[in-house]
Amino acid sequence: MCASAHLPTNDDSDLVLELRASFARLQRNQTRPGYTTVILKRHASELYELPPPALKAFWADVAWVGAAVADLFAPVKLDNLVLGHQVPHVHCHVLPQYEGDDPLAPIDVNAGTVRLTPTQQAERVALLRDRLLNGA
Ligand SMILES: [Zn+2]
């Protein structure tokens with residue numbers, strides 16, 4: 001994740017924007033429209049490794065991305081998931097929950113197979129970037 005978080009594109013996602021403490025990336029799996037990850041720029045495996053200002057900046061980035069996703073896609077709720085047992089580098093999945101999603105279903109960020117065309121994906125990246133830069 002250290003090596004690929006900043007790249008315009010990688011196997012899983014496309015770069016939306018470099019934020020203060022992180023990179024925002026739109027996931028290829030768009031089963032839940034707007035599913036984005038916020039990946040810490042510096043390497044740390046655990047949140048407790050971050051000094052308070054860096055921790056605050058990271059969560060501010062997560063909230064900023066969440067506001068943009070909510071504004072664009074109108075989910076009923078956002079899940080902010082910090083996992084990392086597969087990839088030990090601090091990142092947060094901003095996973096929208098929509099009307100019709102079962103709130104009792106186990107969370108699997110890889111569930112579903114919705115993949116946009118490259119053009120649609122690029123449009124969604126641009127939409128999210130614009131919203132982050134210019135607000136609502
Ligand atoms: Zn790392």
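This dialogue considers the zinc site, the cysteines and the largest pocket of a predicted model.

Student: What should be known before reading the model?

Tutor: The model is predicted, so local features need pLDDT of at least 70 and side-chain atom pairs count only at pLDDT 80 or more, while totals for chains, interfaces and linings use all residues. Residues are numbered from 1 along each chain as its sequence is written, and side-chain values use heavy atoms, with hydrogens and water left out.

Student: Which residues coordinate the zinc ion?

Tutor: Donors are N, O and S atoms within 2.8 Å of the metal (3.2 Å for Na, K and Ca); water is not among the atoms, so sites may look incomplete. Here C2 (SG), H43 (ND1) and H89 (ND1) coordinate the zinc ion at 2.0 Å.

Student: Is H89 buried or exposed?

Tutor: Buried means under 20% relative accessible area, exposed over 50%, and partly exposed in between (1.4 Å probe, protein chains only). H89 is buried at 3%, whereas H43 is partly exposed at 43% and C2 is partly exposed at 46%.

Student: How many disulfides are there?

Tutor: A disulfide is a pair of cysteine sulfur atoms within 2.5 Å. The count here is zero. The sulfur of C92 lies 17 Å from the closest cysteine sulfur, in C2, which is too far for a bond. C92 is buried, with a relative accessible area of 0%.
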